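Subject: Structure handover

Hello,

Here is the structure I promised to pass on. Please open it beside this email as you read.

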Amino acid sequence: MNAELHDCRDAFAAELMRLADENPGIVAICNDSVGSSKLGEFQKRWPERLVNIGIAEQNMVGVAAGLANGGKIPFVCAASCFLTGRALEQIKVDIAYSNANVKLCGMSSGMAYGELGPTHHSIEDFAWTRVISNLTVTAPADRTETTQAVRWAAQYAGPVFLRLSRMGVPDILPPDYGFKPGRAVQLREGTAVTFIANGTLVCRALEAADILEQEGLSCRVLNMSTVRPLDREAVEKAASETHGIVTCEEHSIYGGLGGAVAEAAATSRPCKMRMMGVPGRFAPTGSASWLLDHFGLSPANIAAAGRELIHSR
Amino acid sequence: MICDAGTGHIGGDLSCADILATLYFHVLHYTPEHPENPDRDRFVMSKGHCAGALYAVLAEAGFIDADELSTFMAPESRLNGHPSRIKMPGVETSTGPLGHGLPVAVGAAMAAKMENAAWRTFALLGDGELQEGSNWEAAMAAAHFKLDRLTVIVDRNGLQQGAPTETTNTLEPLANKWRAFGWETTETDGHDIDQMMGVFDGLPLKAGHPSCIIARTVKGRGVSFMQNKVEWHHKVPNQDERARAALELERAKTS
């Protein structure tokens with residue numbers, strides 16, 4: 001694993017530029033978030049294709065639906081907390097229920113805004129979006145998967161929610177990796193326990209597996225970037241071939257990846273589970289990395305959860 | 001339709017029926033056999049609860065057979081209680097929750113402007129729904145982006161679900177609110193088709209500005225016992241009321 005860390009927003013913005021170069025229908029729309037969405041270069045190159053709608057998320061999402069109605073492929077770029085929380089009904093009605101060809105890009109999701117506090121944390125967005133029909137919800141793990149997911153979203157005719165972070169992550173996936181929505185990717189084979197992670201937690205789950213490997217426990221690691229539609233088959237296999245599942249996500253333990261995996265397991269092949277994520281309380285003040293450790297999302301703690309599950313009866 | 005379905009929003013249907021008729025048979029360009037024709041004018045029915053009136057007009061315009069109107073709100077019908085883009089041809093965006101139509105219309109008008117396209121965008125808004133803040137976010141943006149091929153028609157019947165708008169959450173001075181947001185605004189009688197045609201023929205009201213037409217209407221228009229009665233927001237006529245209403249509307253048509 002390359003230890004160098006990368007902000008996936010850079011990969012997102014670069015790929016969006018390449019796509020916009022190839023397809024004049026692609027436009028970007030944001031809520032006074034040109035900088036935080038890394039759209040500065042896009043705006044310089046195509047000022048007429050970058051719509052800064054101002055601080056108005058409900059309107060932003062509705063306008064995106066209208067742009068799609070007019071034949072455009074809008075990429076809505078906004079902090080995930082505001083995009084999903086403020087405009088949830090527009091996402092449901094104008095985008096998903098109207099089958100609008102809009103790509104919702106939730107930036108700086110999870111705990112990324114750290115010390116700015118729970119108003120800016122976006123640890124509810126999986127829960128809110130994955131219950132909406134006709135909406136693909138995916139959270140890439142590194143810059144390679146980000147690039148490929150953005151490219152996939154542009155050619156897919158339908159609503160997508162891409163959940164992106166600003167927290168640096170190492171390269172995990174090979175350059176020739178082929179992103180497929182709704183398909184988990186096995187990063188490590190093992191039988192003791194399965195770690196199912198996505199987004200910024202994939203690298204931590206891999207480190208947790210390394211720790212347990214040194215104790216003679218071979219662990220499976222799945223990158224489950226897409227939480228809707230969920231790869232139920234991968235969950236069932238993990239449930240039957242290993243001793244249980246530990247889910248890892250930068251999201252509330254309620255309603256996110258852990259919830260989706262639990263739903264799949266409980267209704268097909270019940271297994272022991274542990275859910276690693278943000279517990280159901282608002283965060284204290286602290287940086288993003290401090291908060292992740294505070295909430296037990298360090299590799300050591302994830303490994304401990306796996307160890308405990310293996311030895312539990 | 002409403003009597004057979006046993007549900008609907010007859011008061012608001014009747015207040016906007018003349019506006020819809022004027023739009024579909026004098027203003028809008030569309031090809032019912034190709035509802036997704038990229039050059040069509042876009043019409044957004046923001047007051048989605050008045051789907052009944054919209055379906056009647058879409059049938060008359062040729063998007064669906066008139067026979068299908070009898071399936072209104074029946075199981076598996078395309079004629080959902082609120083218009084659905086994924087079910088019904090001619091519906092540009094699904095509506096129902098209020099305050100959704102104008103942002104979508106703004107986006108469509110923006111797409112047309114980017115392409116220098118000739119097609120225009122219209123949105124019909126209820127007056128009560130102007131209490132939703134999303135409308136004003138969209139109104140602000142439409143003026144900022146100088147969307148002069150966008151027109152809003154406000155069905156100003158003065159009543160919302162439970163009470164007059166002015167005793168619920170005051171909308172007046174409504175025209176000046178739109179003007180303050182940068183819209184060229186005029187008022188018309190929303191039941192005087194000749195007057196409305198004249199206003200529509202003069203669009204845009206002012207180059208470089210979106211147009212707002214406040215159409216003064218009567219909820220339950222054309223049926224004496226429904227007119228301006230709050231309870232007829234979504235009351236369903238019984239057999240006797242149905243017959244009387246039909247008679248009054250038929251008389252109005254021939255007079």
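Below is what I found, going from the overall build of chain B to single residues.

A caution before the details: this is a predicted model.

**Chain B overall**

Chain B has nine helices and five strands. Read from the N terminus, the order is α-α-β-α-α-β-α-β-α-α-β-α-β-α. The radius of gyration is 17 Å, and the globule rule gives 18 Å for 255 residues, so chain B is as compact as a globular protein of that length. Its C-alpha atoms fit a box of roughly 50 × 45 × 35 Å along the principal axes.

Of the 255 residues in chain B, 53% are buried. Contacts reach far along the sequence: taking pairs at least 6 apart, 74% join residues at least 24 apart. The exposed area of chain B is about 10,600 Å², and carbon and sulfur atoms supply 50% of that. On charge, chain B carries 23 positive and 33 negative side chains. The centres of those two sets lie 4 Å apart.

**Helix α3 of chain B**

Look next at residues 51–61 of chain B, which form helix α3. Nine of the eleven residues there are buried, so the helix is largely enclosed by the rest of the structure. Which residues are the buried ones in α3(B)? They are Ala51(B), Gly52(B), Ala53(B), Leu54(B), Tyr55(B), Val57(B), Leu58(B), Ala59(B) and Ala61(B). Their cover includes helix α2 (10–27) and strand β1 (42–45) of chain B. Gly62(B) follows the helix, with a positive phi near 100°.

**Thr185(B)**

This residue sits in strand β4 of chain B, which spans residues 184–189. Is Thr185(B) buried or exposed? The relative accessible area is 8%; the cut-off for buried is under 20%, so Thr185(B) counts as buried. A polar atom of the Thr185(B) side chain lies 3.1 Å from the backbone oxygen of Trp183(B). Leaving out residues up to four places away in sequence, Thr185(B) touches Ala175(B), Trp178(B), Arg179(B), Leu205(B), Cys212(B) and Ile214(B).

**Cis peptide bonds in chain B**

There are two to check by eye, both leading into a proline.

- Glu172(B) to Pro173(B) is cis, with omega near 0°. Pro173(B) is in the loop between α6 (165–168) and α7 (174–180) of chain B.
- Leu203(B) to Pro204(B) is also cis, with omega about -5°. Pro204(B) is in the loop between α8 (193–201) and β5 (211–216) of chain B.

**Positive phi outside glycine**

Two asparagines belong here, one in chain A and one in chain B.

- Asn99(A) has a positive phi of about 50°. It is found in the loop between α5 (88–96) and β5 (103–107) of chain A. Asn99(A) is partly exposed, at 33% relative accessibility.
- Asn228(B) has a positive phi of about 60°. It is found in the loop between β5 and α9 (239–254) of chain B. Asn228(B) is partly exposed too, with a relative accessible area of 48%.

If you have time for a short look, begin with helix α3 of chain B, where nine of the eleven residues are buried. Then turn to Thr185(B) and its contacts. Finish with the cis bonds at Pro173(B) and Pro204(B).

Best wishes

Technical notes. Residues numbered from 1 in each chain as written. Chains lettered and ligands numbered in written order. Predicted model: local features only at pLDDT ≥ 70, side-chain atom pairs only at ≥ 80, totals over all residues. Heavy atoms only, no water. Helix = DSSP H or I, 4+ residues; strand = E, 2+ residues; numbered from the N terminus. Rg over C-alpha atoms; globule rule 2.2 N^0.38 Å. Buried < 20%, exposed > 50% of the residue type's maximum accessible area, 1.4 Å probe, protein only. Contact = heavy atoms within 4.5 Å. Areas by Shrake-Rupley, 256 points an atom, 1.4 Å probe, with all protein chains shown as cover. Lys, Arg positive; Asp, Glu negative; His and termini not counted. Charge placed at Lys NZ, Arg CZ, Asp CG, Glu CD. Polar contact = N/O pair within 3.5 Å; in protein donor to acceptor, adjacent residues only side chain to side chain.
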